[in-house]
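Colleague: I'd like to learn how to read a model like this one. Could we go through it together?

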Amino acid sequence: MADPKLQLAVFAATGRLMEKRRKAVNAQVCPDYQELRTQAHAVKRHTIENLDHYLEVFERNVTAHGGQVIFCKDATEVADFVLGLAKARIARLIVKSKSMTTEEIDLNERLEHHQLEAVETDLGEYLIQLAHERPYHIVAPALHKTKEQVADLLTERLGVPRETVIEKQTMIARAVLREKFLAADIGISGANFLVADSGAIVLVENEGNARLTTSAPKIHIAIAGIEKMIPRAQDLGVFLKLLGRSATGQPLTVYTSFLSGPRRGAEIDGPDEFYVVLLDNGRTKVLADRGKRQSLYCIRCGACLNHCPVYRKIGGHSFPWVYSGPIGAILTPQFLGVNHEPGLPFASSLCGACAEVCPVKIDIPKILLDLRSDVKKTEEREGTNRVERLAFRVWAWVMRHPRLYEMAGMAAASLAPSGNGGGWVRNVPWGIRVPPLDAWLSQRDLPSAPTKSFRQLWRERR
Amino acid sequence: MPARVSLFVTCIVDQLFPKVGMAVADVLERLGFCVDFPEAQTCCGQPAFNSGYRAEARQVARHFLDVFRDADYIVVPSGSCTSMIAHHFEDIFQKELDYLALARQLAPKVYEFSRFLIEIAGVDDVGARLHEVVTYHDSCHALRELQVKDGPRRLLGNVRGLELREMDAAEECCGFGGTFSVKFAEVSGGMARTKIDSILRTGASAVVSVDSSCLMQIQGALARAGRPIRTLHLAEVLASR
Amino acid sequence: MSRENVLHKVRTALGRCAGQAVENPPPVRLTVPEAGIEARIAVFFECIEALAGKTYRAQSLEEARAYVETVMAGRKAVASNAAILRECGATALAGVESGITDGAHLRELSAYAACGITGADYALADTGTLVMLASPQEARLISLLPPVHIAIVERKRLLTGLDELLSILPRPADQTSSMVLITGPSRTADIEQILVRGVHGPGEIHVVVV
């Protein structure tokens, strides 16, 4: 919130994305929107509850089409696999299409340590790669960059003359990246969906870089979390309809690729080798918690970010991990442990806007509440945050004893400033200045205490 | 024999906004209900529950259930408290079967005030009169957990002399969120300011809502900004003559 | 690498055993509306035009060829081996290279051609989408590398939408290693949310229905 221009940019951009989504899911254009959500939730639920089965079906089908499935338990194994293959094929240049999963495992850093050039090809991702930054938003990684900043970046890193016209900046990137696509030895993509009955991956995009990444180089490696699975190609009718609309208000993105292996038989082009890396990296831990397992239904549309009043105020870089917004708030503690950022589940007013727009009906507020309880249990075990815990114990004790509660109320009222007859106050006397009151008063005025409580008025009236 | 309604005023109304409670009682009595106020009531336990202290929330919730055990209807001038009782008590009593049963038995009897008027009293016109231009804030729990959206608008629509103007961000959170308002004060304040900008654009002289906690947040921000707009609970509008 | 490890963890997390049976998934949900060909073409063109694509209704194969010639405007093009292109004579136009079966040669031509000319295996009316299956007739890169893409779509291949496609083609992977749905010109709004077309894929697309 410290940078007002960025703050405004995030607020405006998310506002536009909300509006686009609204236009794409209203009753005229998409009359069965709610049914689609229900179906998507049910299909995801079934798949996740039987994930081992579908992983094996997927593997069988990928293999049958000439591809290979690699299971990796963590980031290191993925890097080892890619490095091993690159070495065996004497590969030097890798092109990458947008994949939050590869950000999650810091793949680029690992590859660069071994003298492999791994170039991001999604325009936004390319720019933040040049800037050595993390993505700002699941769907719009360079949301925070102005065209002046982009001009600076291109000149600094590519040595091109300074250009501030956005269309021309895009064409500069296009030219640079085209050379990379055509020279690359390996293309690495993520996968929006893994389709079990087809042994296929699905990639959605608007630019064309994912198509180029997966069609130009001789080797294609797709890296995806195990939870991206759906049972049947026919389920895409529901999922594709929801993904585009929820993310950017598009009924379909410009390109949707359904890729099921290296090129076959007499096909003219396409990769000679096709690998799908299925990543755990903590997903099995999330899976083990029955109440929170639904966090894995996420199809990474970003709608929850766009609708979250907190995210809209503080933006993606205020979050501690690659996944930001409401989905980030529930995934981060589950992957990294509640102690990693114990305040994160509390950084929400629980307004529920996220759950309302989630295409797969993840009950994010419920999971946040569960995580809050987990944090407090951990604190109790570890003996931290004693003052707050004691305060709530005392509070609960008072609340179980009506007469104590009434006395406490009267005591607080007598200490509080009375304002000017039912007015609002800006300051409280030093004697009762406690941190919560200070925090409240830092932003808004406080109601002064009424002379009589409701129960006193009630007694008088009867 | 008029129907008996038990009033759960909520701790915030009891201690800070007692007139809201009186207004609820007035409206219900005018409609012919017999209103009782079980004096042993305190709180629904939401502050502890939202802060992650489930054991403490349970203690307070048990007290609530004991106090209201024999109620026919429980009317609550708050969406968030209603939601706590009707939806979240289930979550916290999973291991206490007797209280779980009691919670389930009482859940269908608990009504947020506007829903009680529309669904049980069956009225959307209570004969109120208030000459004012108002705008309505959709409290998050009421809107999303209780589907309270058209009811208050219908009720307001029938108040003689009242003009209701919709703000563009009616459904956006005001930023209260319980302890969120103090733990993340800056963000909470930012959200409140966004809300009041939307309110100001309507030109209304008052903001109406079904939750006093939202109204406290909004009024606090309005007062800090030096804006002479007042906040009214729906009950206060409906009690006006 | 960690196949057993990961599968074991998944099973343990779910309380399932290896080879345990699975209940049926929720039935597939596909809704295929009724719509006559004229209605389909109308919606199809509306959607494409809304995305800044160009559309042309050819009353004959000859008209289709003439349209392609006009778009090419004397520039070079690479055409796929789709039968419709031969039938309408597009492959015989000056400047058009076609009949290529070697991937490296094709890539070379596509990288320098101004236009890529293809057929379409199917098209989806309600989204303005072309469906391209990689095959000996259709290479992947022709509709991707050149900055202009011209697609000749036979009317009989125009379906109502994605649901109809998935109804008649439940297992695309049985036919091809790559099925791509193309909906409008390539675009991005990554810089300040300003829309730019043709960032990697073609910035200009022409859809001819014949």
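What follows is a walk through the chains, a helix and a contact.

Modeller: Sure. Keep in mind from the start that this is a predicted model.

Colleague: Where do I begin with chain A: how many helices and strands does it have?

Modeller: Start with the inventory, then the overall dimensions. Chain A has 21 helices and twelve strands, and its C-alpha trace spans about 90 × 55 × 50 Å along the principal axes. Of its 462 residues, 55% are buried.

Colleague: Into which domains is chain A divided, and how many Å separate their centres?

Modeller: Domain 1 of chain A covers 49-284, and domain 2 covers 386-461. Taken over C-alpha atoms, their centres are 55 Å apart.

Colleague: And chain C?

Modeller: Chain C has six helices and twelve strands. Its C-alpha atoms fill a box of roughly 65 × 40 × 40 Å along the principal axes, and 53% of its 210 residues are buried.

Colleague: What share of the contacts join residues at least 24 apart in sequence?

Modeller: Take contacts between residues at least 6 apart in sequence. In chain C, 72% of those join residues at least 24 apart; in chain A the figure is 71%.

Colleague: Let's try a single helix. How do I check the length of α1 in chain C?

Modeller: Compare an expected span with the one in the model. Helix α1(C) runs over residues 3-14, so its twelve residues, at 1.5 Å a residue, should span 16 Å. The end C-alpha atoms lie 17 Å apart, which agrees. The residue that follows α1(C) is C:G15, with a positive phi near 70 degrees.

Colleague: Which residues of α1(C) are buried?

Modeller: Those are C:V6, C:L7, C:K9, C:V10, C:A13 and C:L14. Now look at how they sit around the axis: they cover an arc of only 160 degrees, so they are on the same side of α1(C).

Colleague: What covers the buried residues of α1(C)?

Modeller: Look across to chain A. The cover includes α2 (33-49), α3 (51-64), β1 (68-72) and α12 (283-288) of that chain.

Colleague: How many residues does each chain bring to the contact between A and C?

Modeller: Chain C brings 59 residues and chain A brings 77. On the chain C side, α1, α5 (103-112), α6 (162-168), β9 (178-182) and β10 (187-188) each supply at least two residues. Helix α1(C) gives the most, with nine residues. By type, the chain C side divides into 31 nonpolar, 16 polar and twelve charged residues.

Colleague: In what sense do β9 of chain A and β9(C) pair?

Modeller: For strands, check the direction and count the bridges. Strand β9 of chain A, residues 255-259, pairs with β9(C) in the antiparallel sense over five bridges. To find the register, pick one facing pair: A:S257 stands opposite C:V180.

Colleague: Can I practise on chain B? I'd like to know which residues of α9(B) are buried.

Modeller: Good choice. Helix α9(B) covers residues 150-157, and its buried residues are B:G151, B:P152, B:L155 and B:L156. They cover an arc of only 130 degrees around the axis, so they too sit on the same side of their helix.

Colleague: And what covers the buried residues of α9(B)?

Modeller: Here, look within chain B. The cover includes α7 (113-121), β5 (129-136), β6 (160-164), β7 (206-209) and α13 (234-239) of chain B.

Notes. Residues numbered from 1 in each chain as written. Chains lettered and ligands numbered in written order. Predicted model: local features only at pLDDT ≥ 70, side-chain atom pairs only at ≥ 80, totals over all residues. Helix = DSSP H or I, 4+ residues; strand = E, 2+ residues; numbered from the N terminus. Buried ≥ 20, exposed ≤ 12 C-beta atoms within 10 Å, placed from the backbone. Contact = placed C-beta atoms within 7 Å. Domains from an automatic or database assignment. Expected span 1.5 Å × (residues − 1). Arc of directions from axis to C-beta. Nonpolar A, V, L, I, M, F, W, Y, C, P; charged D, E, K, R; others polar. Pairing = 2+ DSSP bridges.
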